[in-house]
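This briefing goes through one structure by topic. Please keep the sequence and the 3D view open while reading.

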Amino acid sequence: MMLQTVRGRLTAWYSAVLAATLLLLGLGAWAGLRTSIRDTVDGELRARLRGMNEFFENQAKHPDGESLADELREQAGLTPAGAPLRIADPAGQWLYESIATKGWGTFDPTPGIRTIAAGGEVYRVLTARALPGTLQLGAPLGAFNKVLEDFTWTALLASPILLLLAGMGGYWLSGRALAPVDAITRAARDIGAHDLSLRLPVRGTRDELDRLSDTLNGMFIRLDSAFRRITNFTADASHELRTPVAVIRTTAELARSKPRTAAEYESALDAILAESERTSSLIDDLLLLARADAPGSGLEFEVMDLAEAIRDACQEARVLATARGISLALEPPPRLEIRADRQALHRLLLALLDNAVKYTPPAGVVHVSLSKPSGEVQIAVRDTGVGITPGDLPHIFERFYRASKARRREGHHGGAGLGLSIAQWIARQHGGSITAESEPGSGSRFVVHLPFYSGEVQNPGA
Ligand code: ADP
């Protein structure tokens with residue numbers, strides 16, 4: 001149906017408005033014309049009445065013996081086609097009737113102007129008192145009514161043609177105006193189906209349609225980057241999962257390839273177990289990051305003692321540190337309340353401590369401190385490790401990013417490059433951030449900045 005398209009509806013509305021305008025205009029013009037004709041005719045009748053009155057006065061002043069009827073006949077003969085006129089004496093007897101008044105019928109002596117139909121003609125009739133009695137003057141309206149009728153017919157015939165032409169013009173115009181919308185629709189369809197990196201053409205006219213294209217392009221850019229992130233994430237995640245699964249598989253295959261001693265089986269199973277644990281925690285990380293992309297953090301905030309959380313994390317990290325011959329120094333932190341998700345905060349602290357221990361050679365020192373400069377809480381984790389090159393430093397918080405040096409020693413450290421990106425996400429969810437500075441060869445310093453909790457409930461996750 002035509003009305004299903006904007007173009008069709010625009011044309012229909014346009015035609016309806018035009019039809020209403022034409023109707024109003026036609027009726028108005030018709031009424032105006034009629035009134036104007038009446039006014040002209042009535043004015044003429046009044047002028048004639050004045051003439052007649054002058055004539056009667058002259059007659060009364062200088063009677064010349066002729067009968068009034070004769071005089072009137074003479075007068076009437078002077079006007080073209082014998083103007084309709086009749087006069088009655090006070091008793092109601094006709095003193096004079098011109099031929100044109102034949103068929104006017106009985107006499108209504110009420111003064112005024114009326115329209116009467118008589119003998120196939122319509123007259124405007126003026127009735128008035130005059131010297132000899134009552135006088136009636138008439139003017140035929142036929143010619144004028146013909147003008148009105150012609151006007152009506154012209155308007156009735158012309159309107160549909162005008163409407164049709166205007167409707168066609170409107171249809172063409174709205175088609176022209178909407179053509180770019182169609183073009184945008186087609187282009188948008190191609191982008192969705194084929195390639196998110198394509199963009200809609202912007203014509204540079206700065207009009208509504210350009211703004212539409214701009215808005216849609218902005219949306220495509222966001223979609224494209226979200227899509228790329230997901231694709232990259234999936235590819236990186238699969239890649240990271242491949243290695244441990246391959247290790248598990250080859251260890252198992254090797255153990256099964258020939259009969260082994262119990263001790264050999266045990267060590268193979270231990271290797272498989274260790275690798276499975278690593279895989280599990282990697283999957284946990286991946287799940288957390290996948291959830292991080294979805295709206296709503298899923299974190300549960302509570303008021304808790306940060307000092308205690310740091311002590312707990314250090315205790316856990318100390319096991320690994322001691323095993324590697326690294327000392328972990330913790331400045332006795334004061335009790336300090338913050339609003340945080342207990343588990344997430346633990347995870348953040350462990351990620352930093354774990355890195356500090358991982359990237360510090362034996363006999364090194366990892367130092368943890370807590371401070372409270374203006375408006376925020378800072379947890380600093382300092383190590384005397386290998387450090388991070390200036391080239392790597394801006395990227396270490398990216399997902400799956402591993403500094404090239406670390407990558408080479410993957411076998412030893414085994415990180416997937418997710419720890420810091422998860423830690424940074426957690427810090428941001430708490431309304432804070434993590435910053436890093438490093439001197440390659442002499443150590444790194446990571447600082448967690450968290451908002452100071454003053455007792456009022458804020459919503460850091462929002
Ligand atoms: P990974 O699992 O590889 O440790 P992270 O996201 O935790 O991944 O860290 C990313 C990279 O940042 C690491 O590969 C490492 O190169 C570098 N890095 C992180 N912490 C330290 C640190 N304390 N000392 C030196 N390099 C570090």
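What follows covers the ligand site, a surface patch, the salt bridges and some single residues.

The model is predicted: local features need pLDDT of at least 70, side-chain atom pairs count only at pLDDT 80 or more, and totals for chains, interfaces and linings use all residues. Residues are numbered from 1 along each chain as its sequence is written, and side-chain values use heavy atoms, with hydrogens and water left out.

**Ligand site**

- The ligand has 20 residues around it, and Asn355, Tyr359, Asp383, Ala403 and Leu420 come nearest. A residue is counted as near if one of its heavy atoms lies within 4 Å of the molecule or strand in question.
- The side chain of Asn355 places an N or O atom 2.7 Å from an oxygen atom of the ligand. A polar contact is a pair of N or O atoms within 3.5 Å; within protein, one must be able to donate a hydrogen and the other to accept it, and residues adjacent in sequence count only if both atoms are side-chain atoms.
- Backbone atoms also take part: an N or O atom of Ala403 is 3.2 Å from a ligand oxygen, and an N or O atom of Ala416 is 3.3 Å from a ligand oxygen.
- On its own the ligand has 520 Å² of accessible area, and the protein covers 97% of that. Accessible areas come from the Shrake-Rupley method with a 1.4 Å probe; for residues, only the protein chains shown count as cover.
- Helix 7 (342-358), helix 10 (419-429) and strand 12 (443-451) are the elements that give two or more residues to the shell. Helix 7 supplies the largest share, 3 residues. Helices (H or I, at least four residues) and strands (E, at least two) are DSSP runs numbered from the N terminus.
- The shell is made up of 11 nonpolar, 6 polar and 3 charged residues. Here Ala, Val, Leu, Ile, Met, Phe, Trp, Tyr, Cys and Pro count as nonpolar, Asp, Glu, Lys and Arg as charged, and the others, Gly among them, as polar.

**Surface patch**

- Ile161, Leu164, Leu165 and Met168 make up a nonpolar surface patch with about 430 Å² of accessible area together. Patches are made of residues with over 30% relative accessible area and no salt bridge; like charges are joined within 9 Å, nonpolar side chains (Val, Leu, Ile, Met, Phe, Trp, Tyr) within 5 Å.
- Met168 of this patch belongs to helix 3 (residues 142-193).

**Salt bridges**

- A salt bridge is a side-chain nitrogen of Lys or Arg within 4 Å of a carboxyl oxygen of Asp or Glu. By this rule there are 14 salt bridges.
- Asp42 and Arg124 form a salt bridge, with their closest N and O atoms 2.8 Å apart. Asp42 is in helix 1 (residues 6-61) and Arg124 in strand 4 (residues 121-130), so the pair ties together parts 82 residues apart in sequence. Both Asp42 and Arg124 are buried. Buried means under 20% relative accessible area, exposed over 50%, and partly exposed in between (1.4 Å probe, protein chains only).
- Asp285 and Arg347 meet in a salt bridge at 2.5 Å, N to O. Asp285 sits in helix 5 (residues 262-293) and Arg347 in helix 7, so this pair ties together parts 62 residues apart in sequence. Asp285 is buried at 19% relative accessible area, whereas Arg347 is partly exposed at 29%.
- Asp305 forms a salt bridge with Arg335, where the closest N and O atoms are 3.4 Å apart. Asp305 is in strand 6 (residues 302-305), and Arg335 is in the loop between strand 7 (327-330) and strand 8 (337-340), 30 residues apart. Asp305 is buried, with a relative accessible area of 10%; Arg335 is exposed, at 59%.
- Arg199, Asp224 and Arg228 are joined into one network by salt bridges that share partners.

**Single residues**

- Arg206 is not a glycine but has a positive phi, near 55°. Arg206 lies in the loop between helix 3 and helix 4 (208-256) and is exposed, with a relative accessible area of 55%.
- Ala363, also not a glycine, has a positive phi of about 75°. Ala363 is in the loop between helix 7 and strand 9 (365-371) and is exposed at 69% relative accessible area.
- Arg342 lies in helix 7 and is partly exposed, at 42% relative accessibility. From Arg342 to Leu23 the C-alpha to C-alpha distance is 77 Å, with their positions 319 residues apart in sequence.
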